[in-house]
Amino acid sequence: MTMSDYAKKKNKFAGMVTLYGRKTVLEVLRDSSISIYRIHLAASNRNSDTIEEIEGLAKKREVEICYHDKAALSRISKNGRQDQGVAIDVESESYMDISQTSQSTGDLIGLDNVTNPQNLGMVIRSVAASPMGGLLLPKKGCARIDPLVHKASAGNLFKATIYHTTTLEKGLKFLKSANFDLIALTGASGISLSELPVHSDRRRIFLLGNESSGLRDSIRRSCDVEAFIPMANNVESLNVAAAATLVAFRGMIR
């Protein structure tokens, strides 16, 4: 295998998203716009209408099916308790390494320790529907992409551009070297979000923190600007998904 072949294979698997659960796998299989690499089934699965439909759709779409023992399938799904004996590898062109941000345009939203799958799914839905250039999602610290995230995104998981990085710190270091401005969304410090120009001559990433504690101090210190969303009636903060929606659509609604 040449170095270029190795790089292509590495990039192929880096852009792979594995989901599990019978309902989720069926939904993905039924969507012809989603490119599927492989389906994994437990060899011990009992015959059922759902399993037969999965196998039938896979055959129709010429998708390879691999059969495994339960232990092997658990390693693939990373959730043996809830995979229901089914997993699917999706080849998502919109799930990319952070190094590929140079290939797209627009500002980004980045998440710091957002651990709730429902919140992550709703953020992904907003990013998919908005003019944002994508979402920066660290593999460590945040909820990982799973069926709950897929459900909360209302089927829009593979419509959003998602850049992955091992840690947020590593990702932000790369973006700084690529001349991004880092903007921390905080509770009530810095300048109002509305005071920031909608368009800038430099690309920006808007960083939103954990559902309960916000951005970590170390992340705030690495940012160029702090901004906040003004609150009325003594409301302290918004849900992270609601805040992400406001950021994603700022400037569009007049």
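Me: What makes the link between the side chains of Ser92 and Ser94 a polar contact?

Reply: Happy to start there, with the reminder that this is a predicted model. The two side chains come to 3.0 Å of each other. The cut-off for a pair of N or O atoms is 3.5 Å, so a pair at 3.0 Å falls within it.

Me: Where does Ser92 sit, and how do you know whether to call it buried or exposed?

Reply: Ser92 belongs to the loop that runs between β4 and β5 (95-97). Its relative accessible area is 9%, and buried means under 20%, so Ser92 is buried. Beyond four places in sequence, Ser92 touches Gly15 and Phe158.

Me: Why does Asn45 get the label it has, buried or exposed?

Reply: Asn45 has a relative accessibility of 18%; the limit is under 20%, so the label is buried. This residue is found in the loop between β2 (35-42) and α3 (49-60).

Me: What does the side chain of Asn45 reach, and what makes that a polar contact?

Reply: One of its polar atoms lies 2.9 Å from the backbone oxygen of Gly85. With the cut-off at 3.5 Å, 2.9 Å is within reach, and therefore the pair is a polar contact. Gly85 also appears among the residues in contact with Asn45 when neighbours within four places are set aside, and so do Arg22, Ile51, Gln84 and Val86.

Me: Gln84 is on that list too. What makes its phi worth pointing out?

Reply: Phi of Gln84 is positive, at about 60 degrees, and the residue is not a glycine. Most residues other than glycine have a negative phi, which is why a positive one draws attention.

Me: Where is Gln84, and why is it called partly exposed?

Reply: You will find Gln84 in the loop between α4 (70-77) and β4 (86-91). Its relative accessible area is 46%, which is neither under 20% nor over 50%, so Gln84 is partly exposed.

Me: What is the sign of phi in Asn113, and where is that residue?

Reply: Phi of Asn113 is positive, near 55 degrees, again in a residue other than glycine. Asn113 occupies the loop between β6 (108-111) and α5 (117-129). With a relative accessible area of 24%, Asn113 is not under 20% and not over 50%, so it counts as partly exposed.

Me: Let's move on to Ser222. How do you know which exposure class it belongs to?

Reply: Ser222 has 22% relative accessibility, which is not under the 20% needed for buried and not over the 50% needed for exposed; therefore it counts as partly exposed. The residue lies in the loop between α8 (217-221) and β12 (225-228), and its side chain reaches the backbone oxygen of Ile219 at 2.7 Å.

Me: How far apart are Ser222 and Leu172, in sequence and in space?

Reply: They are 50 residues apart in sequence, while their C-alpha atoms are 8.3 Å apart. Ser222 touches Leu172, and also Lys176 and Leu182, leaving out residues up to four places away.

Me: Why is Ala227 called buried?

Reply: Its relative accessibility is 0%, and buried requires a value under 20%, so Ala227 qualifies. Ala227 is part of strand β12. Its contacts beyond four places in sequence include Ile183, Leu185, Ile191 and Leu196.

Me: What class does Gly251 fall into, and why?

Reply: Gly251 has a relative accessible area of 28%, between the 20% and 50% limits, so it is partly exposed. It is placed in the segment after α9 (240-248). Gly251 and Pro197 are 54 residues apart in sequence, with 9.0 Å between their C-alpha atoms.

Me: Now the whole chain. How do you know how its radius of gyration stands against that of a compact globule?

Reply: For 254 residues the globule rule gives a value near 18 Å, and the chain has 20 Å, which agrees. The C-alpha trace spans about 60 × 50 × 35 Å along its principal axes, and the chain holds nine helices and twelve strands.

Me: What share of the residues is buried, and what share of the contacts is far apart in sequence?

Reply: Of the 254 residues, 46% count as buried. Among contacts between residues at least 6 apart, 82% join residues at least 24 apart.

Definitions and conventions
Residues are numbered from 1 along each chain as its sequence is written. This is a predicted model: local features need pLDDT of at least 70, side-chain atom pairs count only at pLDDT 80 or more; totals for chains, interfaces and linings use all residues. Side-chain values use heavy atoms; hydrogens and water are left out. Helices (H or I, at least four residues) and strands (E, at least two) are DSSP runs, numbered from the N terminus. The radius of gyration is taken over C-alpha atoms; the globule rule is 2.2 Å times the number of residues to the power 0.38. Buried means under 20% relative accessible area, exposed over 50%, partly exposed in between (1.4 Å probe, protein chains only). Contact means heavy atoms within 4.5 Å. A polar contact is a pair of N or O atoms within 3.5 Å; within protein, one must be able to donate a hydrogen and the other to accept it, and residues adjacent in sequence count only if both atoms are side-chain atoms.
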